[in-house]
Amino acid sequence: MKLKKVLLICILLFVIFISACSEEKSSESGESENQEDKTKEATKKQEDPEKKKEKKDKEENNPETPEATKPNYKVNQENWLVQPLKKSINEKVVLLTIDDAPDKYAVEMAKTLKELDAGAIFFVNGHFLETPEGKENLKKIHDMGFMIGNHTYSHPFLPDLTKEEQKKEIVRVNNMVEKIIGEQPLFFRAPNGANTAHTKQIAKDEGMVLMNWSYGYDYFKPYMNAEKLTKAMVTGKAPEIDIPYSLLKPGANLLMHDREWTSAALHDIVVGLRDQGYEIVDPHLIKTN
């Protein structure tokens with residue numbers, strides 16, 4: 001009888017021992033899991049600042065991010081100057097625009113500007129986009145990061161056209177450009193700067209900002225020369241066509257064309273403007289509709 005009691009006590013003690021060991025193991029396992037969770041959380045917190053920095057750098061360096069393309073300027077519809085939206089933004093800027101592209105020299109001009117890290121808007125005529133070469137040239141200019149503007153299909157004097165013809169001249173180009181580069185122009189410039197109430201409404205309906213210019217001299221015979229044109233564009237003066245005073249001012253909207261002499265002068269024009277303290281404004285930072 002005594003032996004039986006002793007045996008039962010031994011069994012009971014063994015069960016208690018096994019149970020205690022199991023609880024201790026479970027506790028150690030729980031502590032280990034908790035510790036692992038804490039380690040993961042700490043690691044995550046350490047990684048977060050790096051991820052945030054990486055995201056911030058990506059947004060600053062990627063021109064497609066909303067923050068990077070937030071408008072800083074607008075086009076004054078009264079005098080066509082490019083003006084800052086805030087006082088803290090540099091007002092001493094000029095905008096470069098190139099009309100009648102892409103004819104013969106637009107791609108070369110785009111390469112020159114790219115090397116100088118200078119932005120510009122290339123205003124295209126639709127008739128240059130009818131050939132495979134023209135389409136390819138437009139794509140090259142766009143792929144280099146330049147904005148594309150609408151300069152009508154055949155470069156007519158718009159007030160001489162019917163309303164339907166005016167619309168066709170403008171909308172046709174938008175459709176052609178979109179088919180080639182995947183997006184429509186955001187700016188419209190009428191040939192000779194000659195808009196009508198109807199063309200203004202068409203541009204608005206198409207989501208484009210109207211744009212004329214402050215000055216441009218490369219279509220005047222005396223300035224169909226790289227050296228003379230450079231001096232005229234950098235000073236804003238063109239005495240040989242009775243402009244002995246300077247039209248260069250903060251926000252000036254500079255008109256140039258796809259021409260041999262303009263292409264030859266372009267590098268020195270950009271350098272000359274910068275030497276006077278002017279920044280070449282990035283057209284992507286101009287407010288659109």
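Okay, so this protein chain has seven helices and nine strands. Keep in mind that we're looking at a predicted model. Of the 289 residues in the chain, 40% count as buried. And if you take contacts between residues at least 6 apart in sequence, 69% of them join residues at least 24 apart.

I want to spend my time on one strand, S3, which covers residues 93-101. How many of the residues of S3 are buried? Nine of the nine, so S3 is largely enclosed by the rest of the structure.

Let's go through the strands that pair with S3. Start with S8, residues 252-257: S3 and S8 run parallel and share six bridges. If you want to find this pairing on screen, look for Val94, which stands opposite Ala252 in S8. Then go to Asp99, whose bridge partner in S8 is His257.

Now, S8 itself is mostly covered as well, with six of its six residues buried. Here's a bit of background: in a regular strand, side chains alternate between the two faces of the sheet. In S8, Ala252, Leu254 and Met256 sit on one side, while Asn253, Leu255 and His257 sit on the other. Are those two faces covered or open? Both are covered, and the residues I just named are all buried.

Back to S3. Strand S9 is just residues 279-280, and two bridges join S9 to S3, again in parallel. Val94 turns up here too, because you'll find it opposite Ile280 in S9. Then there's S4, residues 121-124, which pairs with S3 in the parallel sense over three bridges. In that pairing, Ala101 has Val124 of S4 as its bridge partner.

So how does the chain get from S3 to S4? It crosses through helix H2, residues 106-115, and this β-α-β crossover is right-handed.

Let me finish with H2 and another helix, H3, which is residues 132-143. The axes of H2 and H3 come within 9 Å and cross at roughly 10°. An angle under 35 degrees counts as roughly parallel, and H2 and H3 are therefore roughly parallel to each other.

Which residues make that contact? On the H2 side, we've got Ala106, Val107 and Ala110. On the H3 side, there's Asn137, Lys140 and Ile141. Sort the residues in this contact of H2 with H3 by class, and you get four nonpolar, one polar and one charged.

How values were computed:
Residues numbered from 1 in each chain as written. Predicted model: local features only at pLDDT ≥ 70, side-chain atom pairs only at ≥ 80, totals over all residues. Heavy atoms only, no water. Buried < 20%, exposed > 50% of the residue type's maximum accessible area, 1.4 Å probe, protein only. Helix = DSSP H or I, 4+ residues; strand = E, 2+ residues; numbered from the N terminus. Pairing = 2+ DSSP bridges. Right-handed = clockwise from strand over helix to strand, strands pointing away. Axes fitted to C-alpha atoms, helices over the stretch in contact; angles between N-to-C directions. Parallel < 35°, antiparallel > 145°, perpendicular 65-115°, else oblique. Contact = heavy atoms within 4.5 Å. Nonpolar A, V, L, I, M, F, W, Y, C, P; charged D, E, K, R; others polar.
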